[in-house]
Amino acid sequence: MKRQILLPTDFSDNAWCAIDYAIKLFKDEPCEFRLLNSIALKVSSMSSLSDRLLRVIKEKAIEDLNALKDEIDTASANPNHEFDTVVSTLDLFHAMENEVQKNNIQFIVMGTKGATGAKEFFFGSNTVKVIKKIKNCSLLIIPDEYDYVTPKQIAFPTDFKVSLSKDQLKPLRDILKLHEAKIRILHINEEEELSEEQEQNFKNLKSYLSDLNCSFHWMPEYSTKDHAIKEFIEDLEIDMLTMVSHDKSWIERLANKAVIKKIGFRPFVPFLVLKA
């Protein structure tokens, strides 16, 4: 059965970078990629839109998507890969949500920002919204101008406060197995010792990953989490960062912080967000 992967695009260089990463990451996997473009912004910017003009906008989007599809076929023809194109009049978030529900999407792969994004922000506003709202689907965020590197070292910071199932970890396990990668679990010590619940979650995680190349790392809390994780990524030459998103997670706090001011941590390796 083919893996279902959604690739939102606004035809920016950043979007192309994410598409290129997804194609290379899953090069040996049978995949159906869905190239999605939302024309909602163009439509909403015009107060009175005739059916004819709407048709013209939609036809142009279809033309651009087909050109992108042809460009992909020329650059990296792969018999394992199939591409479909989708033009939606829904806003980007709802268009993505619709595709996830309708086509059993397993991964959304997207860039950190769009053509009008601001580099100084952790994520663009669309990415933040997707992290917070999209359910039942893993999100893989690719930094701007990132050149593909096969993920051989994957970092997984966790506070062990959330109980994870094998199903929730499956997207991570799939990538680990696909590239024979090593998973490095990082815990930043906020407490003197783990609670009973944390200990159980730690044991479960260790059990779920026991058949993989896995190591656990304990780091003292001597600075902010974002800087600690950044140092960990640099010191261990990490190729991908993965975290779990839930209501009280560090990702949620960081994403909220990111939309109101600059912060010192930006994703400079691909970032896999798992759903709790």
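Let's start at Asp239, whose contacts beyond its neighbours within four places in sequence are Tyr146, Val149, Thr150, Pro151, Lys152, Gln153, Val269 and Pro270. Keep in mind as you look around that this is a predicted model. You will find Asp239 in the loop that runs between helix 8 (225-235) and strand 9 (240-245).

What is the nearest side chain of opposite charge to Asp239? That is Lys152, 8.3 Å away, and Asp239 has no salt bridge although it is buried. A salt bridge here needs a side-chain nitrogen of Lys or Arg within 4 Å of a carboxyl oxygen of Asp or Glu, so a separation of 8.3 Å does not qualify. Lys152 does meet Asp239 in another way: the backbone nitrogen of Lys152 is 2.9 Å from a polar atom of the Asp239 side chain.

Now let's turn to the charged pairs that do meet. Side chains of opposite charge can pair when their charged atoms come close. In this model, 12 salt bridges are counted. One of them joins the side chains of Arg3 and Asp174, with an N to O distance of 3.2 Å. Arg3 belongs to strand 1 (residues 3-8) and Asp174 to helix 6 (residues 166-178), so this pair ties together parts that lie 171 residues apart in sequence. Are these two residues buried or exposed? Both Arg3 and Asp174 are buried.

Another salt bridge links Asp28 with Lys27, where the closest N and O atoms are 3.2 Å apart. Here Asp28 is exposed, at a relative accessible area of 53%, while Lys27 is partly exposed, at 44% relative accessibility.

A further pair sits within helix 4 (residues 92-103): Lys102 and Glu99 are three residues apart there, which means about one helical turn separates them. Their salt bridge has its closest N and O atoms 3.9 Å apart. Lys102 is exposed, with a relative accessible area of 56%, whereas Glu99 is buried, at 2% relative accessibility. Follow this pair outward and you reach a network of salt bridges that links Glu32, Arg34, Asp84, Glu99 and Lys102.

Finally, a word on the cysteines. A disulfide is a covalent bond between the sulfur atoms of two cysteines. How many disulfides are counted in this model? The count is zero. As for where the cysteines sit, Cys17 is buried at 10% relative accessibility, and Cys31 is buried at 0%.

Conventions
Residues numbered from 1 in each chain as written. Predicted model: local features only at pLDDT ≥ 70, side-chain atom pairs only at ≥ 80, totals over all residues. Heavy atoms only, no water. Helix = DSSP H or I, 4+ residues; strand = E, 2+ residues; numbered from the N terminus. Buried < 20%, exposed > 50% of the residue type's maximum accessible area, 1.4 Å probe, protein only. Lys, Arg positive; Asp, Glu negative; His and termini not counted. Polar contact = N/O pair within 3.5 Å; in protein donor to acceptor, adjacent residues only side chain to side chain. Contact = heavy atoms within 4.5 Å. Disulfide = S-S within 2.5 Å.
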